[in-house]
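These are my notebook entries on a structure I had not looked at before. I wrote down each thing I looked up, in the order in which I looked.

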Amino acid sequence: MIEIPEAFTISRQIDETLSGKRIRYAVANASPHKFAWYHGDPAEYNQRLAGKVIAGGAASGEMIRFRAGDMQVAISAPVRYYTAGEPRVKKHQLLIEFEDGTAISSTAQMWGAFVCLPQGELTGMGHIDGGRDKPSPLSEAFDRAYFDALWTEQTPSLSVKAFLATEQRIPGLGNGVLQDILWAAQLNPRRKMETLCQTEVDRLFDTVKRLLAQMTMLGGRDTERDLFWQPGGYHTVLSNRTAGTPCPTCGTGIVKQAYLGGSVYYCPTCQPL
Ligand SMILES: [Zn+2]
């Protein structure tokens with residue numbers, strides 16, 4: 001899966017780098033992957049894409065999206081660009097070769113969705129189609145009123161991690177960006193939403209907006225790679241690389257724990273339970 005800062009960065013780079021390129025051929029599912037999901041038969045992807053011209057990219061939620069002629073392509077895995085003659089990666093779930101000798105490939109990490117269908121058609125998968133309609137935290141439409149409206153009857157009993165990063169409540173806000181958001185908001189991932197005071201809810205909303213914008217402006221996180229296979233410019237505070245190292249604020253060792261299908265990282269002093 002891919003998260004908001006990288007989805008926007010890679011879509012922007014596709015827009016800038018690939019627009020106008022004509023597709024020579026496409027190969028989908030060359031390396032079968034247990035958790036790679038295709039919309040339609042991957043054997044038809046070449047037929048759908050060959051000869052089409054890239055007409056710009058735009059992200060929504062956790063999907064990288066671009067248009068190719070009359071087709072729309074959406075990918076929820078990193079996309080890598082190759083110059084003419086540069087060796088292509090061997091394992092991939094989608095490879096698109098262009099007439100000028102350049103190419104892109106995408107390889108699913110833990111899982112990945114690959115969509116290629118005529119513009120205007122929907123996949124019937126709510127989390128993929130719906131991700132287009134839900135406002136991105138990077139947009140003005142994701143304001144305080146929208147954030148407050150995400151609260152439902154179930155919200156009080158949810159932990160902060162469950163509220164922000166599960167059920168596609170906020171598409172593209174996943175377990176990766178979550179860690180630094182909660183560290184900056186000084187909230188423990190296990191805190192129940194009902195225990196948050198008004199100041200903490202304000203801080204949570206402000207941090208979601210501010211940090212995702214910052215990560216995106218800096219070209220994604222340094223733990224992930226962009227279209228040109230370079231690490232992003234945002235220095236990630238909490239990740240598997242920094243577990244056990246001192247918290248930049250207080251010096252306490254950063255803790256790593258398994259929680260809700262994935263590891264959480266936090267500072268026990270800055271983010272008490
Ligand atoms: Zn700390």
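**Entry 1: a helix and its cover**

Which elements cover the buried residues of H6? Before anything else I noted that I am working with a predicted model. I then found that the cover over the buried residues of H6 includes H1, helix H5 (160–165), helix H7 (198–217) and strand S11 (263–266). I checked how much of the helix this concerns, and ten of the ten residues of helix H6 (residues 175–184) are buried, so the helix is largely enclosed by the rest of the structure. The buried residues include polar and nonpolar names side by side in my list, among them Asn-175, Gln-179, Asp-180, Ile-181, Leu-182 and Trp-183. Just past the helix I came to Gln-186, which follows H6 and has a positive phi, near 55°.

**Entry 2: the chain as a whole**

I stepped back to the full chain and counted its secondary structure, which comes to seven helices and eleven strands. The radius of gyration is 19 Å, close to the 19 Å that the globule rule gives for 273 residues, so the chain is as compact as a globular protein of that length. Along the principal axes, the C-alpha atoms fill a box of roughly 55 × 40 × 30 Å. I also noted that 40% of the 273 residues count as buried. Among contacts with a separation of 6 or more, 61% are between residues 24 or more positions apart.

**Entry 3: two domains and their contact**

I next looked up how the chain is divided, and found domain 1 (4–132) and domain 2 (144–266). Their C-alpha centres lie 27 Å apart, and the contact takes 18 residues from domain 1 and 20 residues from domain 2. On the side of domain 1 that touches domain 2, helix H1 (4–18) and strand S6 (79–82) each supply at least two residues. H1 gives the most to that side, with ten residues. I sorted the residues on this side of domain 1 by class and recorded nine nonpolar, six polar and three charged residues.

**Entry 4: the nonpolar core**

How many residues does the largest nonpolar core have? I recorded 64, and those with the most contacts inside this core are Ala-7, Ile-64, Ile-75, Ile-96, Phe-114, Ile-181 and Leu-182. The core draws at least three residues from each of domain 1 (4–132) and domain 2 (144–266). As background I wrote that in soluble globular proteins nonpolar side chains tend to be buried together. Two of the names I had met already, since Ile-181 and Leu-182 are among the buried residues of H6. I followed Ile-96 further, and, leaving aside residues up to four places away in sequence, Ile-96 touches Ile-23, Ala-26, Leu-49, Ala-103 and Ile-104.

**Entry 5: a strand covered on both faces**

Ala-103 and Ile-104 led me to strand S8 (residues 103–106), where both faces are covered, with Ala-103 and Ser-105 buried on one side and Ile-104 and Ser-106 buried on the other. I reminded myself that in a regular strand the side chains alternate between the two faces of the sheet. S8 pairs with S6 in the antiparallel sense over four bridges, and in this pairing Ser-106 is the bridge partner of Val-79. Strand S7 (residues 94–98) also pairs with S8 in the antiparallel sense over four bridges, with Ala-103 as the bridge partner of Glu-97. S7 and S8 form a hairpin with four residues between them, and Gly-101 in the turn has a positive phi of about 90°.

**Entry 6: three loops**

Last, I looked at some loop residues. Asn-29 sits in the loop between strand S1 (23–28) and strand S2 (36–38), and its phi is near 70°, a positive value in a residue other than glycine. Is Asn-29 buried or partly exposed? With 16 C-beta neighbours inside 10 Å, Asn-29 counts as partly exposed. Leu-260, in the loop between strand S10 (255–258) and S11, is not a glycine either and has a positive phi of about 55°. Leu-260 has 14 C-beta neighbours inside 10 Å and counts as partly exposed. Ser-60 lies in the loop between strand S3 (54–57) and strand S4 (64–68), and with 23 C-beta neighbours inside 10 Å Ser-60 counts as buried. The C-alpha atoms of Ser-60 and Pro-135 are separated by 8.5 Å, although these residues are 75 residues apart along the chain.

How values were computed
Residues are numbered from 1 along each chain as its sequence is written. This is a predicted model: local features need pLDDT of at least 70, side-chain atom pairs count only at pLDDT 80 or more; totals for chains, interfaces and linings use all residues. A nonpolar core is a set of buried Ala, Val, Leu, Ile, Met, Phe, Trp, Tyr and Cys residues joined through C-beta atoms within 7 Å. A residue is buried if 20 or more other C-beta atoms lie within 10 Å of its own, exposed if 12 or fewer, and partly exposed in between; C-beta atoms are placed from the backbone. Domain bounds come from an automatic or database domain assignment. Two residues are in contact if their C-beta atoms, placed from the backbone, lie within 7 Å. Ala, Val, Leu, Ile, Met, Phe, Trp, Tyr, Cys and Pro count as nonpolar, Asp, Glu, Lys and Arg as charged, and the others, Gly among them, as polar. The radius of gyration is taken over C-alpha atoms; the globule rule is 2.2 Å times the number of residues to the power 0.38. Two strands pair if DSSP finds at least two bridges between them.
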